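Let's take a walk through this model together, stopping at a few places worth a closer look.

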Amino acid sequence: MKNTKSTQKKNRSYDQIFGTTSVEKFKETILHHLMSFQGRDPERAGTRDVYKALAYALRDILVEKWIKTQKTFYAKNRKRVYYLSLEFLVGRSLGNTLINLGLLDEVSQALDQLGYDLEEIRDIEEDAGLGNGGLGRLAACFMDSIATLKIPAYGYGIRYEYGLFYQKMMNGFQMETPDSWLRYGTPWEFERASYVFPVHFYGKVHSYLDERGNYRSEWIDTDDVMAMACDILVPGFNNDHVINMRLWTARASRELDLGFFNVGDYIGAVQSKVKSETISKVLYPSDDIREGQELRLKQQYFFVAATFQDILRRYKKKNDTFDNFSNKIAVQLNDTHPAIAIPELMRIFLDLEGLSWEKSWDICTKTFAYTNHTLMPEALETWPVELLGRVLPRHLQIIYEINQRFLDQLAAKYPGDTRKIREMSIIAEDGTKRVRMAHMAVIGSHSVNGVAELHTHLLRANIFPDFNELYPGKFNSKTNGITPRRWLLKCNSGLADLISEKIGHDWVTDLDQLRKLEKLARQIAFQNKWQTVKFNNKKRLALLIKEVCGVSVNPESMFDVHVKRIHEYKRQLLNALHVIALYHRIISEPGQEITPRTIIFAGKAAPSYVKAKLIIKLICSIADVVNNDPRVGDILRVAFIPNYNVSLAEKIIPAADLSEQISTAGTEASGTGNMKFALNGALTVGTLDGANIEILEEVGKENIFIFGMTAEEAGYEKLNKSRTPYTIYNENPVVKRIIDSIRDGVFSYGDSGLFQPIVNDLLNENDPYLLLLDLESYLDCQKEIGKVYRNTKLWVEKSILNVSRMGKFSSDRTIRDYARDIWGISDI
């Protein structure tokens, strides 16, 4: 990591923090932690020992600032925000902490004088396995912005012992191995043994009349698991403000159940303990089997129940009644995963605090806000009534009561409209009865937001039209954003330094300042420096690709990058079809001018997602053929980089020339990868989907490559099928050759059956992702991209303009919008 001038210029130095020479003090502190915390002889310490010692030294600074921050919250009695998310994809903490504290230069010098290299130390750290994709990365960006804007807030989630999985490639097939990111422990967390709360499951409900004649319920005979808090501290940028993510880890209600010992069953005691602690073991257990579904439901309730006990503990320090609850507490539900929080808070108010139904519901709806992240109706979370009633019997009773009161309201407003009442009900009655958690979240929240303008429009018009009619004004848009601290300042220090050299460093916390780059976009000298930064980034990525994939790539070629979760709607397959078309052009038309490309893929497919895993295999098989065909030469290379994570993204994104954002229009809620690439100077090829539309509006249509159908046109084609895939296959010889080469085993060593399921899907007239209907437009667009790239001056100008116009997509702006419009916090 290079010293970033823009970071260092304004930040307080370490000697201001410790009151002595910063480099010398850091050396002393590192050596102290090597001996006192780890029991290591400094002369025999390895890089992992030094990494931990450095992390503990930084944690000393963080915790002091965190304590001061918390005291400020209490002293000012400000409204607090609780951000509930099942994922926080934070990546590595060391580099981000150094930058936000402004200690990069001092630490680098201290390590150098001790005989260590900061880059090597940084590479020791494991990516925290606390998230999977965009949902978790967005939550992590939000935590950074919340801390930077000094908003009194907390992130709440689960401390998973194992992440999603570690992806390995074997003969082109994805293989999953455990992501044991905690096998060496993590120095960044504080285990809070004083904050341990019981969480109940199963049991039964006992109902009775209290001494005042009021109906009351008691949840009894439960199985209990203890939730222990683990805090990870998040520093704001250059502001002495540190907040925390409080992540819950499961512990047995007793270390070993003595009841088993009394009957001589030691094995039973151990098994009971292990079963209790399974809840926080792994991120996203497979939900294609009953046991996996039950564990996911228990995970969701586990962290919600612990969180609200913690919220109530904190609230009751200053309040004797709940009259002020929603004025002091805002709870943001990051997707439907935490939506069980609504009946949980009702249970607390009704059963434990003795409030009336009407008052409890009024407080709840003023407290909760819900962010929706999906346009896929099948992805809107539902739970079988039988399962939810068995695991959380009291909550099912409360959900039925919420639903009955809601249906009574609908019947009064829409008499006789059984269709509307049936479709808006929280309980889906068709087939197996299921609880619609998205409906619960909409009904129980005062705000429902989409994460891009198109996404919000489609929520109102297609996904929740009846709710939008019932609740005018409840639905609103909050376009996603990314933190410029990690996604430019940290990951692309060369570009950050060049920008700061020209326009100053204020852009780090005011991304609109990047507009000042516009006047430099056509200056040859500045373009040359811009190119040099990009080329250096590409050389570093080329070395990584050679090391990890064994593929030699030319950094002077266009780096065409498609990295994200592997899913059919994200259409990595469409990109693969273009690779095949390009390959065919190269071998069939050897004299034609074709822009050299390195096409880079990365991403994980869910372990049970067979089609997505087959797409990975196809990409790897195409790469194997292309990279070993001497006729191709250096014109085309294909690489699939395994085990995509935040740290890998920080190396790939700064090196990209072209960013693939090619989801079927109307399927991507927003996307944030599109923003990260554009902020680092990559041009976008994409559909009019998610935040691509708003990027187009900001950068200008001449600085982005748009192809394919709009969401409206895609919706029309799904219904009316004006052109079928078979029609396109038969009429377009380029498309026919692509499909035939897959079917005939060109990329599978003659095994014509291996990729037949992909061929069948491509030619299926009911293909929901419309690949062949967009393919011709995509191929034409890619030809145009190749021509533009050969005009280096024009390409670099477009790259500079993309960066200069990305101010809207800072997560600082997004969080200001949430604070002002949803959380009721204006003093920021």
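## Starting from P642

Leaving aside residues up to four places away in sequence, P642 is in contact with Q167, M169, V548, C549 and L648. This is a predicted model, so please read what follows in that light. P642 sits in the loop that links strand 19 (636-641) to helix 26 (646-652). Its C-alpha lies 8.0 Å from that of K604, and the two residues are 38 apart in sequence.

Two of the residues that P642 touches, Q167 and M169, bring us to a hairpin. Strand 3 (residues 166-170) and strand 4 (residues 173-177) run antiparallel and are joined by 5 bridges. Within that pairing, M170 stands opposite F173 of strand 4. The hairpin has 2 residues between its strands, and N171 takes a positive phi near 55 degrees there.

## Positive phi outside the hairpin

Most residues other than glycine have a negative phi. With that background, K150 and L770 invite a look, and the table sets out their settings.

| Residue | Phi | Loop | Relative accessibility |
|---|---|---|---|
| K150 | about 60 degrees | between helix 8 (134-148) and strand 2 (153-158) | 41%, partly exposed |
| L770 | near 55 degrees | between helix 32 (756-763) and helix 33 | 5%, buried |

L770 counts as buried because its relative accessible area is 5%, and the cut-off is under 20%. K150, at 41%, is partly exposed.

## Helix 33 meets helix 34

The loop that holds L770 leads to helix 33, which has a partner to introduce. Helix 33 (residues 771-790) packs with helix 34 (residues 792-804) at an angle of about 105 degrees, and their axes are 5 Å apart. The two helices are therefore roughly perpendicular. On the helix 33 side, the contact is made by I785, V788, Y789 and R790, which meet T792, L794, W795 and K798 of helix 34. Sorted by class, this contact has 5 nonpolar, 1 polar and 2 charged residues.

## The nonpolar cores

In soluble globular proteins, nonpolar side chains tend to be buried together. Here, the largest nonpolar core has 124 residues, and those with the most contacts inside it are L84, F201, F302, F308, F325 and W823. Helix 11 (residues 290-315) supplies the largest share of this core, with 12 residues. A second core of 67 residues lies apart from it and includes I566, L636, I738 and V759.

What does L84 touch, not counting residues up to four places away in sequence? Its contacts are Y156, F303, V304, T307, F308, V331, Q332, L333, N334, P338 and A341.

## A small sheet and a packed helix

Strands of a sheet pair through backbone hydrogen bonds, either parallel or antiparallel. An open sheet of 3 strands in this model has the order 12-14-13, with antiparallel pairing. Strand 12 (382-384) and strand 13 (427-428) are at the edges with a single partner strand each, so one side of each has no neighbour in the sheet. Strand 12 is joined to strand 14 (residues 434-436) by 3 bridges, and P384 has R434 of strand 14 as its bridge partner.

Our last stop is helix 19 (residues 453-463), where L454, H455, T456, L458 and L459 are buried. What do the buried residues of helix 19 pack against? Their neighbours are strand 15 (447-450), helix 20 (465-470), strand 16 (475-477), helix 28 (692-699) and helix 29 (711-720).

How values were computed. Residues are numbered from 1 along each chain as its sequence is written. This is a predicted model: local features need pLDDT of at least 70, side-chain atom pairs count only at pLDDT 80 or more; totals for chains, interfaces and linings use all residues. Side-chain values use heavy atoms; hydrogens and water are left out. A nonpolar core is a set of buried Ala, Val, Leu, Ile, Met, Phe, Trp, Tyr and Cys residues joined through side-chain atoms within 4.5 Å. Buried means under 20% relative accessible area, exposed over 50%, partly exposed in between (1.4 Å probe, protein chains only). Helices (H or I, at least four residues) and strands (E, at least two) are DSSP runs, numbered from the N terminus. Contact means heavy atoms within 4.5 Å. Two strands pair if DSSP finds at least two bridges between them. Axes are lines fitted to C-alpha atoms, for helices over the stretch in contact, and angles run from 0 to 180 degrees between N-to-C directions. Angles under 35 degrees count as roughly parallel, over 145 as roughly antiparallel, 65 to 115 as roughly perpendicular and the rest as oblique. Ala, Val, Leu, Ile, Met, Phe, Trp, Tyr, Cys and Pro count as nonpolar, Asp, Glu, Lys and Arg as charged, and the others, Gly among them, as polar.
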